[in-house]
Protein chains: 2
Amino acid sequence: MSKNVVIIGSVALGPKVACRVKRLDPDANVVMLDQRDLISYGGCDIPYFVSGDVSSFDELRSTSFHVVRDPKFFKDCKGVNVFINTKAIGIDREKKLVIAEDLKTGAKKEFNYEKLVIGTGNRPRTLEVVGHELEGIYAISGLDKAIKIREEITNGHIEKAVVIGAGAIGLEMAEALSDMWGIETTVVEVMDQILPGIVSYDMAKMAQHHMEENGVKFYLSEKVLSFEGDTRVKKVITDKRELDADLVIVSIGVIPNSELAKGAGLEVSNFGGIIVNEFMQTSDPDIYAGGDCVAIKNLITQKLGYFPLGSLANRQGRVIGTNIAGGRAKFDGAVGSFVIKLFDIAVASSGLSLQRAKKEGLDAISVFVAQLDRAHFYPEKEVMFLELIVENGTGRVLGIHGLGKSKDAVMGRISSVAGLLKYNIHVSDISNFELPYSPPMSSAMDILNSVANVAENILEGRAQPIDLTTFVKLWKDREEGKVVFLDCREEQNARPYVDKYSKYWINIPQGELKTRISEVPRDKKVVLVCNTGVRSYESYLILHHKGFTNICTLLGGLASVKNLGIDI
Amino acid sequence: MSKNVVIIGSVALGPKVACRVKRLDPDANVVMLDQRDLISYGGCDIPYFVSGDVSSFDELRSTSFHVVRDPKFFKDCKGVNVFINTKAIGIDREKKLVIAEDLKTGAKKEFNYEKLVIGTGNRPRTLEVVGHELEGIYAISGLDKAIKIREEITNGHIEKAVVIGAGAIGLEMAEALSDMWGIETTVVEVMDQILPGIVSYDMAKMAQHHMEENGVKFYLSEKVLSFEGDTRVKKVITDKRELDADLVIVSIGVIPNSELAKGAGLEVSNFGGIIVNEFMQTSDPDIYAGGDCVAIKNLITQKLGYFPLGSLANRQGRVIGTNIAGGRAKFDGAVGSFVIKLFDIAVASSGLSLQRAKKEGLDAISVFVAQLDRAHFYPEKEVMFLELIVENGTGRVLGIHGLGKSKDAVMGRISSVAGLLKYNIHVSDISNFELPYSPPMSSAMDILNSVANVAENILEGRAQPIDLTTFVKLWKDREEGKVVFLDCREEQNARPYVDKYSKYWINIPQGELKTRISEVPRDKKVVLVCNTGVRSYESYLILHHKGFTNICTLLGGLASVKNLGIDI
């Protein structure tokens, strides 16, 4: 007899499960429900539709060979029965049936299942402040809302937009509005950095500066108190200012849709994610769940985490499909891999940020390196920035971030480490990482190896580094006379700085340091700087060997400072 | 008392050891010898100097901040004493001294060591055939030869060049000669594919086709018998033809320079690589060796292998430096990572090729996939090709190759797997690989995941695939009437083929197959094709379920066939 499989939700996970089950078990009777009428699209893709990069929303729900994935497609090509506008309102685990409501007619329907899959996704957090119901305020939730936003923009009445929340979707929307439609766009974020929880503070500042250079305004550490307007929003009121706005995008995080699961008595985590085992089964083995509604083990912290990503939903969907068809596929968990294109740069990350690692109680440090992304003598090249987050004492690698203009190259370095993080790797594993080498693609001692080499030196006490934030603070206090900046570059590079800041900027090229050591002041803190941090590290070792103690070296060098937008 | 460290050889490994030792132990007395006068450059970088991409040879031996790494630089900036034109001719392990000869004066010198490092590199294999001593025939060995080749080219008398050997350096030289200097260039290779031992046959054919489209000629499975000319080479005579040549580059592999080590009684492998342990110590614990003269454990086969790469020499140099300074750093071995830029594409690889795996006695299969390198709806994208080499039965991943126009993206996918190979991973680890996802950078179900998904399906008997070579054979024999090609694409894509090849090309779009199954012939072999292999796989499953047995599906689809240059 053919197996009854019911799938609730049909954006990313559901369709993957459905197709996989039918491929492995063509006789299975697979039914997929969704409360909306647009199905099987990529939720992460919405900003590219709003921007106009993707011209029609049908492209977002098409196969790579341009067939629209609508209910007819699923029926004809996949043998899957889809019920749209059909909302699951209850699960009777005793009788093994799903109770649903046809949202057009109000009629109740029942679906018997042998295996049930919950792929109910998530919903955006709402900002329940005065005026939140005004027209022109949108949370990104589903393709239907995105279509309305794009209609508003193309109608041409939008001049100023405010994006609330500087997470991935918020920033992508800000870029879409600003870059593609020329809308004056401001991002308001309650935390003190963009991409909070995803990348560390210094790299976030660098990414923010790049967006600012491209015309996006940012107000961080700022809370939205209310919206003003008659029927339509006109102003966003924060705790520090008023901002004019014809359009507001609220993108302050998401909440797993686990109410249905909870109502059926299934286990749910404290943050609302449905709890599943490595086979993606809920606490009822005949009910699977996956995608944006589940809690997933963080393979670095070993705690339950939340990773609402279309990519993971796809992988989990395949695992569920295999298991429903009688296999034993596993999904172990995730380390959290991330990439975003922001104008001309990519920012990528895998594992924990420094702030996140500290929050988890880990004794973590972060190591920041700037280096060319291919052989320094090769004509085409860009500076790349990598940050490695490592645990003091053990040398365990907890995470890595990257930023740079060669977007695929940045992402390549991060994904090289992404797969390794769950193996509890040590910095020496990255020092010796066997990246393919050819001058047009990488360096013999690639930046990926370098960042680990520097981390090792720091862990073993061979350097006293300072991060960019500390450097900026020291620089701000430079007139107090307690600090001197020792420029380790050649004279022609250092001269403009020495001329401009003669009181606290001195120059001794690294190669001359040994013979000119008497010129280094012993009564002040000496901050060693060069372009990327290589020569200042060499100079540090020389001074350290000669008994200097009040010295430190700037990680990432002046190239990094420049990319923060600090005017030195 | 300060430690005496002597280093023989100063291209890649030597300088790394020297600098690392001095950083960790500034009091060490470090001496570095080299028989040539140009030191500390990247051997892998020579083709970019010959091409003119790199304008002066000084750039190849400069730091990233444009300081030339000559003996004075090592003395002043690094505290390392360099003796150039000084050839080590013997090692007295009893007395712990190196005997050397000044090649300018003939004078003998002795250097006492406490720790000795052998970094003697390798030398090119020579082609000892009639006429090999003629002018205009070069093996790439060292920067000095490269300078002479470039002089010859810039003098403008070179119209036709023959490159013998289609390994990495040979192909890079062919591109340099052809692309940058407009020289009519022919590559002759004794094996039946380019990049033998590095990538599998099908992908090599694809790379070759790309180079041919860019004007390079290839003669494979062809042996050079002699050279002709008066004083200067005029012709290359192979076992199949005569080729005119004003310039010949011989690039047929390298031999480790281990004679010095052997002479001192140190252990050397059967192929001539000096044997070292994980600390890079030779059979004499006071003598270290690394770089292109050592044998390294292949972490996939667990046998001794040979990996002459500047990148590994750098990593090994750092490990040796650490250990000489009193540390305990390790270098476990290598899996063999590779990347090359060939005109507009990159070809990358890590681990074993299919042919290599079979040679090692492994029951390996290879899985070939074509897919867009980012979300299919994103405007800028390219087709990428990945090949996964896996072990039958166990599902162990043995290697991966990639080819495509987004070079950094290709390399990123390969390096994502490079670090994992030594952990004995299963295809499911790649299926679930957590690649960062964003539509401008990757796909939700990325090609990297897809290639593993397809591999899993094949390993579990859910597909009967054929590779490109087999397809080409079947296509050649198409008139024999034993085979029919079933095109699973939509009608408008398939029509031109049906019109042209009505006798053996039929079209049933995948979505219509279930209702049109009676149209599929049961008396012939049915080869299922589509653009990339996705729809043909779906169709395969439908036919298989209906009892068809003489069916197979083309891996990589017609997109791959097209990139082989096969005219269908």
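**Exercises on a predicted two-chain model**

A rotation of 180 degrees with 0.0 Å of shift along its axis lays chain B over chain A with an RMSD of 0.0 Å, the copies being superposed by least squares on the C-alpha atoms of residues with pLDDT of at least 70 in both. The two copies are thus related as by a two-fold rotation axis. The model is a predicted one, in which local features need pLDDT of at least 70 and side-chain atom pairs count only at pLDDT 80 or more, while totals for chains, interfaces and linings use all residues. Residues are numbered from 1 along each chain as its sequence is written, and chains are lettered from A in the order in which they are written.

**Exercise 1.** Describe the side of chain B that touches chain A.

*Step 1.* The contact takes 75 residues from chain B and 76 residues from chain A, where two residues are in contact if their C-beta atoms, placed from the backbone, lie within 7 Å.

*Step 2.* Helix α11 (residues 407–418) of chain B gives the largest share of this side of chain B, 9 residues; helices (H or I, at least four residues) and strands (E, at least two) are DSSP runs, numbered from the N terminus.

*Step 3.* By class, the side of chain B that touches chain A has 39 nonpolar, 23 polar and 13 charged residues, with Ala, Val, Leu, Ile, Met, Phe, Trp, Tyr, Cys and Pro counted as nonpolar, Asp, Glu, Lys and Arg as charged, and the others, Gly among them, as polar.

**Exercise 2.** Work out how α11(A) is oriented to α11(B).

*Step 1.* The axes of the two helices come within 7 Å and cross at roughly 10 degrees, axes being lines fitted to C-alpha atoms, for helices over the stretch in contact, with angles running from 0 to 180 degrees between N-to-C directions.

*Step 2.* That makes α11(A) roughly parallel to α11(B), a term for angles under 35 degrees.

*Step 3.* Among the contact residues are Asp408(A), Met411(A) and Ser415(A) of α11(A), and Asp408(B), Met411(B) and Ser415(B) of α11(B).

**Exercise 3.** Find the edges of the open sheet β27-β31-β30-β28-β29 in chain B.

*Step 1.* The sheet has 5 strands with parallel pairing, two strands being paired if DSSP finds at least two bridges between them.

*Step 2.* β27 (465–466) and β29 (505–507) of chain B each have a single partner strand, so they stand at the edges, with one side of each left without a neighbour in the sheet.

*Step 3.* The parallel strands β27(B) and β31 (residues 551–554) of chain B are joined by 2 bridges, and Ile466(B) has Leu554(B) as its bridge partner in β31(B).

Terms used: Parallel < 35°, antiparallel > 145°, perpendicular 65-115°, else oblique.
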